[in-house]
Amino acid sequence: DIMFMVDIVINFRTTYVNHNDEVVSHPGKIALHYLRGWFLIDVVAAIPFDLLLVTDSEVPNVPQSQTKHP
């Protein structure tokens, strides 16, 4: 998961070749190009779904006698 997040950061700084075969190195243009392209796919890939999809059956039950009451 951390590698996907690092990849996203790197992609915001990586140059690209535009339709005129020119290398674009302007940070704002790079960011906009990435946001319009692979950004959404990369963000979805970086989401830790295994942590988000924890169900109640996977959470251990704590016996009532071990809980604190105010």
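Which backbone nitrogen lies 2.9 Å from a polar atom of the side chain of N18? It is the backbone nitrogen of N20. The points below set this contact in its context; the model is predicted.

1. Overall make-up. The protein has four helices and two strands. Starting at the N terminus, the order of elements is α-β-β-α-α-α. The protein has 70 residues, of which 13% count as buried. Contacts between residues at least 6 apart in sequence include a 36% share that joins residues at least 24 apart.

2. Surface. About 6,200 Å² of the protein is exposed, and 64% of this comes from carbon and sulfur atoms.

3. The β1-β2 loop, N18. N18 sits in the loop that runs between β1 (16-17) and β2 (23-24). Its relative accessibility is 17%, so N18 falls under the 20% cut-off and counts as buried. The side chain of N18 has a polar atom 2.9 Å from the backbone nitrogen of N20, as stated at the start.

4. The β1-β2 loop, D21 and E22. D21 belongs to the loop between β1 and β2. Its phi is positive, about 60 degrees, although D21 is not a glycine. D21 has a relative accessible area of 68% and is therefore exposed, the cut-off being over 50%. E22 lies in the loop between β1 and β2 as well. With a relative accessible area of 44%, E22 is partly exposed. Neighbours within four places in sequence aside, E22 makes contact with Y16 and V17.

5. Helix α2, buried side. Helix α2 spans residues 27-36, and I30, A31 and Y34 are buried in it. Viewed down the helix axis, the buried residues of α2 fall within an arc of 95 degrees, which means that they line one face of the helix. What do the buried residues of α2 pack against? Their partners are α1 (2-11), β1, β2 and α3 (39-46).

6. Helix α2, other side. K29 and R36 are exposed residues, carried on the face of α2 that is turned away from its buried side. A reader colouring the helix by accessibility can thus set K29 and R36 against I30, A31 and Y34.

7. N11. N11 is located in helix α1. The relative accessibility of N11 is 22%, so this residue counts as partly exposed. Which residues does N11 touch, not counting those up to four places away in sequence? They are I30, Y34 and D42. I30 and Y34 are buried residues of α2. N11 and W38 are 27 residues apart in sequence, and their C-alpha atoms are 9.1 Å apart in space.

8. Nonpolar patch. L40, V44, F49, L52 and L53 make a nonpolar surface patch of about 520 Å². Helices α3 and α4 (49-52) each contribute at least two residues to this patch. One of the patch residues, L40, is part of helix α3. L40 has a relative accessible area of 61% and is exposed.

9. Summary of the points to check in the viewer. In the β1-β2 loop, there is the 2.9 Å pair formed by N18 and N20, together with the positive phi of D21. In helix α2, there is the face lined by the buried residues. On the surface, there is the nonpolar patch of about 520 Å².

Notes. Residues are numbered from 1 along each chain as its sequence is written. This is a predicted model: local features need pLDDT of at least 70, side-chain atom pairs count only at pLDDT 80 or more; totals for chains, interfaces and linings use all residues. Side-chain values use heavy atoms; hydrogens and water are left out. Buried means under 20% relative accessible area, exposed over 50%, partly exposed in between (1.4 Å probe, protein chains only). A polar contact is a pair of N or O atoms within 3.5 Å; within protein, one must be able to donate a hydrogen and the other to accept it, and residues adjacent in sequence count only if both atoms are side-chain atoms. The arc is that of the directions from the helix axis to the C-beta atoms. Contact means heavy atoms within 4.5 Å. Accessible areas come from the Shrake-Rupley method with a 1.4 Å probe; for residues, only the protein chains shown count as cover. Patches are made of residues with over 30% relative accessible area and no salt bridge: like charges are joined within 9 Å, nonpolar side chains (Val, Leu, Ile, Met, Phe, Trp, Tyr) within 5 Å. A salt bridge is a side-chain nitrogen of Lys or Arg within 4 Å of a carboxyl oxygen of Asp or Glu.
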